[in-house]
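Got a minute to walk through a model together? Have a look at it first, and then we'll talk.

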Amino acid sequence: MEDYKEIRELLKPRRDIKASDELRRKVRQAFDKERKNRRLKNWVFGGVSLSAVAAVLLLVLIPAGISAKEILSQAIEAMRNYECVEMLVDVRTRPVENFRYIGLDDEFVTHHIDIAASDSLLRWRIDKGERVALSNGKDIYTWIPSLKLGFHLTDAENENVLGYMANLLTPRMILEAELQNCIGNGNADYNVSKSESDIILTVHTTPQGDFENPYLLNSSISESENVRRYVIDATSKKLKSATVSVLSENREVTVLKVLSISYDNNGSAFPLPGGVKFVETENRPIGLTGLSAVEAASAILNAFSEWDAAILDKVMIHEMSDAAYREQFSGSKLISVGRPFTSGSGNSTFVPYTLKLNDGTVQRHNIALQKSDSGGWVVAGGL
């Protein structure tokens, strides 16, 4: 509970509404940033100068004695008793891709999110059309309806499966994540303003990960320079809407929009679908050992030619490779592999390859390899 000491303190009534030295320091920093970063001024605040934002902070925050931490704390407290929530969220992605993936040039895909919290269990279901995931509060199930195939995950964290979408598993959780980030993350800038009956919290943060090779830059929200905007009702303190935008090449691209939030729904039992085979993931592939990343990539891609299950079953779950890849890649010929590289915040090693498929088309991509628990290379993506 020590981790929440500062949060508890924030929930106590303020006795002194004077601006603190810390707040004055942050306002001075805001003025400094105008001189140092003109680009951020246009992207984050839509043409409003940082000096104007600093003025808003002086006018709104100092008389009211309100900071970003306190706004978040009040909003969290206001939504603490809402157990069943329904949300519609638009994300720039592809319907069959994993829930972490975003694409700046992709169309919006609507995600239907249902949440039910009771008896200390958080049950949820997210449906993006061609990929669905749900949790019964203990285990996670994720599946692709068109393949009638899914996975049963017994030891996965919500964030590992959903990426940023895990923050949407109750509006309160969004704000709790932001509060923890606000307290402990020096790489994020928080600004509060007021518009009529709404409080607007704006968060600007830098990409997480190593982007000496920019391959994964802007492929997920955490791996992008982004701006998160939250609209909170000034009276009830309930979250009304939220957006996430990515800053890239002198443009701001909205990649996520919370379209609607419905509180106090009846909830659902979230049953598993019929006709879908769920593969247990406890016995995961052991991988190819004793090889470099390039050697492992070559062995895997060459195994497609005759569909060598002795190799492929070591690097991919058999049911998935059979259902998702066999028809496309069986009989293909490896033309070349390139030098391996890393990118982003994950633990994948990427190996460029050129593959001639059985129908004569040529595919150029980067196969993603990761080390299994036993130290062998397994396929994590890029096919």
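What follows is a short chat between a visitor and a guide about this predicted model.

Visitor: Which strands stand at the edges of the open sheet?
Guide: Okay, start with the order: twelve strands run E7-E8-E9-E10-E11-E1-E2-E3-E4-E5-E6-E12, with mixed pairing. An edge strand has a single partner, so one of its sides is left without a neighbour in the sheet. That description fits E7 (188-195) and E12 (277-280).

Visitor: By how many degrees are neighbouring strands of this sheet turned against each other on average?
Guide: We ignore strand direction for this one. The average turn then comes out at 20°.

Visitor: How many bridges join E2 to E3?
Guide: Take E2 as residues 108-118 and E3 as residues 121-127, running antiparallel. Across this pair, Ile 115 stands opposite Trp 124, and His 112 faces Asp 127. The bridge count for E2 and E3 is seven.

Visitor: And which residue of E2 stands opposite Val 91?
Guide: Now we're looking at E2 with E1, which covers residues 84-92. These two are antiparallel as well, paired over nine bridges. Opposite Val 91 you'll find Val 109.

Visitor: What is the angle between helix H10 and strand E6?
Guide: H10 takes in residues 318-329, and E6 is 149-153. The helix lies across both E6 and E12. Its angle to E6 is about 155°.

Visitor: Which strands help cover the buried residues of H8?
Guide: H8 spans residues 293-303, and its buried residues are Ala 293, Ala 296, Ala 297, Ser 298, Ile 300, Leu 301 and Ala 303. Part of the cover is a helix, H9 (309-315). The strands included in the cover are E13 (333-337), E14 (349-356), E15 (362-371) and E16 (377-381).

Visitor: What volume does the largest cavity have?
Guide: Rolling a probe the size of a water molecule over the atoms shows where empty space is left. Searching the whole structure turns up one cavity of 30 Å³ or more. Its volume is about 40 Å³.

Visitor: How many residues in the lining of that largest cavity are charged?
Guide: The lining is made up of Val 91, Phe 99, Arg 100, Ile 102, Tyr 164, Met 165, Ile 221 and Leu 256. Seven of the lining residues are nonpolar and none is polar. As for charged residues, the number is one.

Definitions and conventions. Residues numbered from 1 in each chain as written. Predicted model: local features only at pLDDT ≥ 70, side-chain atom pairs only at ≥ 80, totals over all residues. Heavy atoms only, no water. Pairing = 2+ DSSP bridges. Helix = DSSP H or I, 4+ residues; strand = E, 2+ residues; numbered from the N terminus. Axes fitted to C-alpha atoms, helices over the stretch in contact; angles between N-to-C directions. Contact = heavy atoms within 4.5 Å. Buried < 20%, exposed > 50% of the residue type's maximum accessible area, 1.4 Å probe, protein only. 1 Å grid on protein atoms, 1.4 Å probe; cavity = no way out; pocket = protein on both sides within 12 Å on 5 of 7 lines; lining within 4 Å. Points joined across faces, edges and corners; volume = space filled by probe spheres on them. Nonpolar A, V, L, I, M, F, W, Y, C, P; charged D, E, K, R; others polar.
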